[in-house]
Amino acid sequence: MKRGFYTIMAAQFFSSLADNALFIAAVELLKSDRAPTWQAAALVPMFALFYVVLAPFVGAFADALPKGKVMFISNAIKVVGCLMMLFGVHPLISYAIVGLGAAAYSPAKYGILTELLPASQLVKANGWIEGLTIASIILGILLGGQLVGNAISSRMLALDFPILDSGIDTPPEAAIFVLIFIYMVAAWFNTRIPHTGVEMRAIPKNALELVPDFWSCNSRLWRDKLGQISLATTTLIWGVSGNLRYIILAWSAAALGYSTTQASSLSGVVALGTAVGAVVASMHTRLDKATGVIPMGIVLGVLVIAMNFIDNVWVAAPFLVVLGALAGYMVVPMNALLQHRGHNLMGAGRSIAVQNFNEQACILGLGAFYSLSAGLGMSAFGAITAFGIVVAGVMWIIKRWHARNVVLHKDEVDHLLEIARHDNMHG
C-alpha cells in the first residue's frame, strides 16, 4: 500500500472513534434529560438526514477539492455539532449537524481510495478501511460507555479550574467535551493526506444544476448490471446494521437488564465480529467474485430473528460475534465492487455520494419506522423480528435478481467482470 493510505486510515480511525462514542454520549444525554424513548431511537435517522438531503452536492464537493481538505472541513463541522450539544441545543438537532459533517466526509474517505489505488487492491484496501472503522466502532462505543459511566465521569467532573466555569455539569457533557479533542486529532491527520494528482472537477456556479446530474448518476448505477446488485446489497446491509446499533442497546436493556455502559460493550462485540469478517473477506475474496457472498445475507436475516431467543450474556456474546462477522464478510467485497463500478461510470466522489444516498435513505426510513414504533409502544423484540424478515426476504430477491442478470445479460455481466480483473482497465 502507498504511504498516503496509512495516513487516511489514521484519520478515519479517530474520526469514526469520536462519532461512535458521541452516539453513546447523546443517548445518555437524552436519558439524563428524561426525553421520551423515541427520541433516543431517532438519533440514528437524524444522523442520516443530511446524507440524504445533501446527496446531490457532497459528491461534487468531494470531487472539487483535494480529499484531505474535504475531510478536514468535515471534521470541523462535527466539532461544531459537539459544541452545540454543550451549549444546550437539542441533541437531535446537534447530532444532525454531526451527521452533516459525516455526509461530507464519506465521499472523500472512500473516493480517495479509487484515486490512490488500482482495482486489484480495492478489496484489500476496503477490508483494512472497514476493519479499522469497525475497530474504531468497537473502541468508540466502549469509550462512550466508559466516559458516561460513573467511574470516569465522576473524576472528570471533579476537576476544578480557577476562574473558568465550563458549564459542564453532567457525565454526557464531560464525555462530549473530551470527544472534541479526538475530532481535532483526526483533523490533524487530514492535513497530512497527500494529493493524488487526480484532476479536480469544478462545482457549477448554480449548485442546483447538480441535482439532475446526481439523479443521472444514481440511475446510471442502478442500471449497471453489477452496480445495481452491489448497491442493493450494501444499501440493505447498512440500513439494517445502522439501526441495529441502537436496537442492540434497547435489546440489551430488555433481555439482559443492562445499563447504557454495559449495553455498549455488547454493541462493541458485534463490531468485533464485523472487523474479523471484513479482514477475512479482504484476504480471500477477489473483486470479480464479490457477488458470491449474497446468499450469506439470507442467513444473516435468520440470525437477526434468532436474537429474540437469547437471554444469557454467555450465549449472546459469541452469537453477536458471528452475526457481525457475516455482515463484515458481505459488505467489504460488495462495497469494493460498488466503488469500482461507480468510479468507472461517474467518478469517485459522485459514486460514493450515490451510494451514501441509498444506504442512508434506508437507514433513515428504517430508523423512522423504528422510532415511530417505539413511540407507539413496540418492543425491541418486535423490531428485531421485523428487521430480520426484511433482511432475509430482500436478500433472497437480490439473489434471484443477480441470477436473472447472469442469464439474460450474460455478455454484459461477463464484460464487467473482465474489467474488474484488470488494473489497466480501472479508471
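At what angle do helix α3 and α4 pack, and how far apart are their axes? The legends below take that corner of this predicted model and then move on to other close-ups.

**View 1. Helix α3 packs against α4.** Helix α3, residues 43-53, meets α4 at an angle of about 75°, and their axes are 5 Å apart. Angles of 65 to 115 degrees count as roughly perpendicular, and α3 and α4 are therefore roughly perpendicular to each other. On the α3 side, look for Phe50, Tyr51, Val52 and Val53, while α4 brings Ala55, Pro56 and Phe57 to the contact. By class, the residues of this contact come out as 7 nonpolar, no polar and no charged.

**View 2. Helix α4 crosses helix α5.** Here α4 (residues 55-64) turns up again, now with α5 (residues 67-86): their axes come within 7 Å and cross at roughly 130°. The two helices are therefore oblique to each other. Phe61, Ala62 and Asp63 are the α4 residues to pick out, and they meet Lys67, Val70 and Ile73 of α5. The contact of α4 with α5 has 4 nonpolar, no polar and 2 charged residues.

**View 3. A salt bridge joins Lys78 and Asp19.** Zoom in on the side chains of Lys78 and Asp19, which form a salt bridge with an N to O distance of 3.0 Å. Lys78 sits in helix α5 and Asp19 in helix α1, so this pair ties together parts that are 59 residues apart in sequence. The count of salt bridges in the model comes to 3.

**View 4. Helix α6 meets helix α14.** The axes of α6 (residues 91-116) and α14 (residues 313-346) come within 10 Å and cross at roughly 70°. That crossing makes α6 roughly perpendicular to α14. Tyr110, Leu113 and Thr114 are what α6 brings to the contact, and Asn335, Gln339 and His343 are what α14 brings. Sorted by class, this contact has 2 nonpolar, 4 polar and no charged residues.

**View 5. The largest cavity has 49 lining residues.** A search of the whole structure turns up 2 cavities of 30 Å³ or more. About 1000 Å³ of space lies in the largest cavity. To find its centre, go to Asn20, Ile137, Trp238, Ser241 and Gly242, the closest of the 49 lining residues. Helix α11 gives the most to this lining, with 8 residues. As for chemistry, the lining of the largest cavity has 27 nonpolar, 16 polar and 6 charged residues.

**View 6. The second largest cavity is lined by residues that include Arg350 and Asp213.** This cavity has a volume of about 30 Å³. Its lining is made up of Ala55, Pro56, Gly59, Ala60, Asp213, Phe214, Arg350 and Ala353. The elements giving two or more residues to it are α4, α10 (210-223) and α15. Helix α4 has the largest share of this lining, 4 residues. Two names here may look familiar from View 1: Ala55 and Pro56 line the second largest cavity, and Ala55 and Pro56 are also part of the α3 and α4 contact. By class, the lining of the second largest cavity divides into 5 nonpolar, 1 polar and 2 charged residues.

**View 7. The second largest pocket draws its lining from several helices.** About 310 Å³ of space lies in the second largest pocket. Its lining has 21 residues, and those closest to the centre are Lys31, Thr37, Ala40, Tyr246 and Ala250. Helices α1 (3-32), α2 (37-41), α11 (227-256), α12 (260-284) and α15 (348-375) each supply at least two residues of the lining. The largest share, 4 residues, comes from α11. Sort the lining of this pocket by class and you get 15 nonpolar, 4 polar and 2 charged residues. Helix α11 links this view with View 5: α11 has the largest share of the lining of the second largest pocket, and α11 also gives the most to the lining of the largest cavity.

Notes
Residues numbered from 1 in each chain as written. Predicted model: local features only at pLDDT ≥ 70, side-chain atom pairs only at ≥ 80, totals over all residues. Heavy atoms only, no water. Axes fitted to C-alpha atoms, helices over the stretch in contact; angles between N-to-C directions. Parallel < 35°, antiparallel > 145°, perpendicular 65-115°, else oblique. Contact = heavy atoms within 4.5 Å. Nonpolar A, V, L, I, M, F, W, Y, C, P; charged D, E, K, R; others polar. 1 Å grid on protein atoms, 1.4 Å probe; cavity = no way out; pocket = protein on both sides within 12 Å on 5 of 7 lines; lining within 4 Å. Points joined across faces, edges and corners; volume = space filled by probe spheres on them. Salt bridge = Lys/Arg side-chain N within 4 Å of Asp/Glu carboxyl O.
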